[in-house]
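User: Could you take a close look at the largest pocket for me, and then at how the helices beside it pack? I'd like to know what lines the space and where the lining comes from.

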Amino acid sequence: MSENTELLEQSEKTGLGILGAFLFSLIGCALWVVLYWIDIFPNFCGIIIAVLAIFGYKLFTKSKSMKSVIIPLIICAVTVLITCYICLAADVYYAYNGWFETGELSYTVPYSRAFLYAYQFFGDTGVLLAFLKEYGLGILFCLVGSALFIVDAVKYKKKLKESGAD
């Protein structure tokens, strides 16, 4: 029976699962950006990102294994990082526009330029710490959102081991 379990896990379409997890997590990321824009605690979307990523992985692979939780969590870490960077770029964009309106700068920048060069603001410790705080809270909420899935995956794996030992 354990050989069948290994065969099942090997035949799991991981590439499709990664695609599904990424695509579904983008829905939560879009909601994060919207909530960030209207200044409502966006980190809460980490729960939604995790649930959607796990759902997308399972939907595309049609399997239930430990990989169906671990891989989506890795995808969540990447998408939350990208989302936090998008929000940082929005802050940079609005800051430059504000400086332009007050006359502190004689130019403004488009969002695309703010996105390309937002990483330069990591040199400011305050910006870096705020970014890491947003990212950390997002990951924390992703873990909260995936807790039940992790428990289910562990129970499922334990059940498979017990049935293989009989």
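Analyst: Happy to. In this predicted model, the largest pocket holds about 220 Å³ of space. Its lining is made of 15 residues, and those closest to the centre are Y36, L88, D91, V127 and A130. Three elements each give two or more residues to this lining: α2 (14-37), α4 and α6 (125-165). Among the contributors, α4 has the largest share, with seven residues. As for chemistry, the pocket lining divides into twelve nonpolar residues, one polar and two charged.

Since α4 gives the largest share of that lining, let's follow this helix to a partner, α3. Helix α3 covers residues 45-61 and helix α4 covers residues 67-101; their axes come within 9 Å and cross at roughly 130°. Angles over 145 degrees would count as roughly antiparallel and 65 to 115 as roughly perpendicular, so α3 is oblique to α4. The crossing of the two helices is right-handed.

Now for the residues that do the touching. On the α3 side you will find I49, A50, A53, I54, Y57 and K58. On the α4 side, they meet K67, S68, V69, I71, P72, C76, T79 and V80. Sorted by type, the residues of this contact are ten nonpolar, two polar and two charged. If you have the structure open, try colouring both sets by type: the contact has its ten nonpolar residues, and the pocket lining has its twelve.

Terms used: Residues numbered from 1 in each chain as written. Predicted model: local features only at pLDDT ≥ 70, side-chain atom pairs only at ≥ 80, totals over all residues. Heavy atoms only, no water. Axes fitted to C-alpha atoms, helices over the stretch in contact; angles between N-to-C directions. Helix = DSSP H or I, 4+ residues; strand = E, 2+ residues; numbered from the N terminus. Parallel < 35°, antiparallel > 145°, perpendicular 65-115°, else oblique. Left-handed = near helix turned anticlockwise from the far one by under 90°. Contact = heavy atoms within 4.5 Å. Nonpolar A, V, L, I, M, F, W, Y, C, P; charged D, E, K, R; others polar. 1 Å grid on protein atoms, 1.4 Å probe; cavity = no way out; pocket = protein on both sides within 12 Å on 5 of 7 lines; lining within 4 Å. Points joined across faces, edges and corners; volume = space filled by probe spheres on them.
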